[in-house]
Amino acid sequence: MIKVITFENEEKLDQFVANAIMQVVHEKAHPVIGFATGSTPQGTYEQLIKAYQNKEVDFTHTTAFNLDEYVGMNNDHPCSFAKAMRDTLFDHINISTNQIHALQGDAIDMNEECKKYDEAIAKEPIDIQLLGIGMDGHIAYNEPGTSFESTTHVVDLHPESIQSSLNYGFDRIEDVPRRGVSQGIQTIMMAKQLIMIAKGSKKAELVKRMLEGSVDEQFPSSIIQRHENVLVVLDVEAAKLLQEGTYEKR
Ligand code: F6R
């Protein structure tokens, strides 16, 4: 089932998603959260850090899985997603380092790396997976045409994804790696709950197609329509093309 909620106030949106994560962290003995990088969840991470500083949440027993990474990139590279997650969240909360799982983009054997990642997720199934939607409709780095059966795999990045990477610290488009490694669609769909966040009018067409269009491998994020527990959290701009009455307003 998909529940769509729109927010007029961005901080309330971020707080709402942070609360959903904190609830699972409070309730479960060993909570497992899947984190996304990119610009969209940054406000949520700020709220989680604030809550941690106010002693409202304890991440001691939390396990984290990152969604994706650039191939060929060491996890300490300033533009790696692993570093971005440390800088924007993990280094500011009390999650233990050995419970943070990140794909190694510079592993010698990438197939083995992908296999190991899927095995680790199978051992500790993800309670909440945060997602954003890419400008080509991707989730994680599952680009248009990716099989819905895919597990963690290496991908050729779509030109839109390469372009969007300029928002993530690269100075020049030539510096952006051409390949990524990503949790697969099937991997993502195994999470118990998906929380998809989208903000801004540039996402409005994409959000409409994701929620109201056909479920189609050419538009990977449409797969979320088939998940039994999905929360889609949107700002007013991202929701502006959705049919009235199909979502809750806050
Ligand atoms: C990031 C990821 C991507 C982003 C998506 C949206 O780990 O997997 O799918 O969620 O590209 O990116 P932003 O939030 O920068 O618009």
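An oxygen atom of the ligand sits 2.9 Å from a polar backbone atom of Ser39, which counts as a polar contact (a pair of N or O atoms within 3.5 Å; within protein, one must be able to donate a hydrogen and the other to accept it, and residues adjacent in sequence count only if both atoms are side-chain atoms). Keep in mind that this is a predicted model, where local features need pLDDT of at least 70, side-chain atom pairs count only at pLDDT 80 or more, and totals for chains, interfaces and linings use all residues. Residues are numbered from 1 along each chain as its sequence is written, and side-chain values use heavy atoms, with hydrogens and water left out.

Two side chains also reach ligand oxygens, so here are the polar contacts side by side.

| Residue | Atom on the protein side | Distance to a ligand oxygen |
|---|---|---|
| Ser39 | polar backbone atom | 2.9 Å |
| Thr40 | polar side-chain atom | 2.4 Å |
| Tyr168 | side-chain N or O atom | 2.6 Å |

On its own the ligand has 410 Å² of accessible area, and the protein covers 94% of that (Shrake-Rupley method, 1.4 Å probe; for residues, only the protein chains shown count as cover). There are 14 residues around the ligand, and Thr40, Asp68, His138, Tyr168 and Lys203 come nearest (a heavy atom within 4 Å makes a residue near). By class, that shell has five nonpolar, seven polar and two charged residues, with Ala, Val, Leu, Ile, Met, Phe, Trp, Tyr, Cys and Pro as nonpolar, Asp, Glu, Lys and Arg as charged, and the others, Gly among them, as polar.

The ligand's home is the largest pocket, meaning more than half of its atoms lie within 2 Å of the pocket's grid points. A pocket is an open set of points on a 1 Å grid over the protein atoms alone, where a 1.4 Å probe fits, with protein on both sides within 12 Å along at least five of seven lines; lining residues have an atom within 4 Å of a point. This pocket's volume is about 390 Å³. Its lining has 23 residues, with Gly38, Ile133, Gly134, His138 and Tyr168 closest to the centre.

The second largest pocket holds about 190 Å³. Among its 15 lining residues, Gly38, Gln42, Ala84, Thr88 and Tyr168 are closest to the centre.

Conventions
Grid points are joined across faces, edges and corners, and a volume is the space filled by probe spheres set on the points.
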